[in-house]
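Trainee: Could you take a close look with me at one part of this structure, the place where the two chains meet, and then follow the salt bridges outward from there? I would like the cut-offs along the way.

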Amino acid sequence: MLNATLQQAVAAAASVADPHELHLVQCSSTGATGAIIFHAWVRGDSQPRVVVKTPRDTRLQHALQREWDAVTALRVDPRLAALIPAALATFDCDGAKYYAYAGVPGRTMYSRFRNRILASRDSMLERFAVQALDVSLRVHATHTREATSHEVARDLLMDLAWLEGAIPEFPQSVAECGRAFAHRLADARHHLPRGRVHGDFSPYNVLTTGMRVGVEVRLIDWEHTEAERPQHLDVFRFVSACVLLGLRGQARHQAFGQMPARAAGLVSALLRPWLHQMTAGGAATWLEPEMLEALWWHYWTHAARREQERRARPDDYRDATYLPGLVALSQRIAPPVRSRSSAFAC
Amino acid sequence: MERPGSLLTEPTYRARLREATRTDWRFLLGVSPDDVVLAGGADALHLAHSLSPWVRKVYRLDQQQPPDVLDWVFFSGALSPQEGAAADVTATLRRAFDALRPGGHLAITLENRWGLHWLADWRTSRRDTHGRESTGRSVTRHGLRWHRERLRGMGADQICSYALLPSRDAPRAIIPVDPPCPPEAQKMALDQVWQRASPAAAIVRKALGALVTGGLMRRLYPHYLLVGRKPC
């Protein structure tokens, strides 16, 4: 180990007396603008003692700082503390800022999925959905309120307006579809929960110690968390990521086009019980095909914005799915008819 | 509007990723903004370009540098034009080592001829960021042990080595090989770096895990980073 300063700082964060006991393994983000991640191991342990992050590009330090601030604030709540790796220390070394978190047991759901040999894709996803239901309810219950359907529609329009402002020559077909679906959401006249969201609730960020309900679960990567957002966005993020899990290139784009149909099993296992638990009434209304379609558009518009925001350069995102997918879908389907009775103003 | 066809293609993205991650080992090695470095080897041009934002000054092997100022010497790719001649490689290493200040470090990235490249696309690409064929040789004729002995013979101390995955150009995982790290840590790194989701890939990952447990994997990694220090 050559960087003695780094090793000593990590050992201090890990409360390890002898820095030479630590073995630093670097597993960096796969994105060109991602984070450098060190896992500090002590021989004999089954999990890393500490996980340390630093930005590969110093211009992107704000993302890691945002995660640090969110984790330290959220862990004050004992209901969330059990789900979030502890924030241990920050330190500067060789001109870079480092963020140290406690290592946690378990593997990500995606790691379990990609290492399956005999289990079928569908059976694994259904088990993930059951585990995700439990953990999403725990997170969302910490801060939630009933939001009117107009608020939900406004949330969709807010993301749509951002996309229209950020992307030159934004396709008219997507804008028309978005507005029409916003009207449909507003017409629902039932409430949906709004409050704390993880923001990137997906099989890549859920660590579990097994496949059963009741095993230890941790959520990582909290940099996108928000205190006031429609909470079904988290659920749709999970379902959508599951549908696309392990798919690349053309197969991925094809799966996006068929997402509502491919997600039927996950909707039954995750979205349906989540709506029943989180809403006082109206779950059946939201699960009707027309409303479900509107909720999908809400999520896709949100995801397209997220995808676009993550680009350090306009073309700096390898596997853009949502915006091209929305363009393709909006050109294939006629914009939904707006209800004349709607009093909702765009 | 950015049409789907105009989005960054996978090969172009990979090339950009390689450029962005080429010097990811700088964190682990402790390269600081005050350091003066020398870039050598067949890929010296790319290496110098990638290092320049993170250090004070980068010299090339063919440039004259003041004595006793070099904090680091990096070699990437074949060390000398006549790679086959052991004496030529040794002379290149010796010249670079002598140019280091006392306490400075020499680092070499190597492709392992006996590495398990065939399991995945882990061979260092010969293409540059514009998709052109690179002119430099990437595979060195001599292995990790040979280079380690050369460093030891020159008087280097604190010699250590790391495995670089998936390639020495874009090392997303850097695993301590000598001194070794715990098997569980190696398995986690292998699992993180090769994420293809298929039953065949899962079986291969299990086989790699068995090689780690048996202590064999440390000789089979496709790429290594070897580092030695010039004594103070």
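Mentor: Happy to; here is the interface, followed by the salt bridges, one helix and a small sheet. This is a predicted model, in which local features need pLDDT of at least 70 and side-chain atom pairs count only at pLDDT 80 or more, while totals for chains, interfaces and linings use all residues. Residues are numbered from 1 along each chain as its sequence is written, chains are lettered from A and ligands numbered from 1 in the order in which they are written, and side-chain values use heavy atoms, with hydrogens and water left out.

Let us start where the chains touch. On the chain B side, 52 residues are in contact with 52 residues of chain A (contact means heavy atoms within 4.5 Å). Together the two chains bury about 4500 Å², with 58% of it on carbon and sulfur atoms; buried area here is the accessible area, taken with a 1.4 Å probe, that two parts lose on being put together, summed over both. Across this interface there are 15 residue pairs in polar contact, both residues at pLDDT 80 or more. A polar contact is a pair of N or O atoms within 3.5 Å; within protein, one must be able to donate a hydrogen and the other to accept it, and residues adjacent in sequence count only if both atoms are side-chain atoms. The elements of chain B that give two or more residues to the side touching chain A are H1, H2, strand S5 (157-165), strand S6 (173-178), H6 and helix H7 (199-213). The largest share of that side, 7 residues, comes from H6(B). These elements are DSSP runs numbered from the N terminus: helices are H or I with at least four residues, strands E with at least two.

The interface also has 2 salt bridges, each a side-chain nitrogen of Lys or Arg within 4 Å of a carboxyl oxygen of Asp or Glu. Over all chains, the structure holds 30. B:Asp24 and A:Arg56 form a salt bridge with their closest N and O atoms 2.8 Å apart. Because B:Asp24 lies in the loop between helix H1 (10-21) and helix H2 (26-29) of chain B, and A:Arg56 in the loop between strand S3 (50-55) and helix H2 (61-74) of chain A, this pair joins two chains. Both B:Asp24 and A:Arg56 are buried, on a scale where buried means under 20% relative accessible area, exposed over 50% and partly exposed in between (1.4 Å probe, protein chains only).

Within chain A, the side chains of A:Glu164 and A:Arg179 meet in a salt bridge at 2.8 Å, N to O. A:Glu164 lies in helix H6 and A:Arg179 in helix H7 (residues 172-187), so the pair ties together parts that are 15 residues apart in sequence. A:Glu164 is partly exposed at 29% relative accessible area, and A:Arg179 is partly exposed at 24%.

Back in H6(B), B:Lys187 and B:Glu184 meet in a salt bridge at 3.8 Å, N to O. They are 3 residues apart in this helix (residues 183-193), so about one helical turn separates them. Salt bridges that share partners also join a network whose members include A:Arg145, A:Asp155 and A:Asp159.

Finally, an open sheet of 3 strands in chain A has the order S6-S9-S10, with antiparallel pairing. Two strands pair if DSSP finds at least two bridges between them. Strand S9 (residues 206-208) pairs with S10(A) over 3 bridges, and A:Thr208 stands opposite A:Val217 in S10(A).
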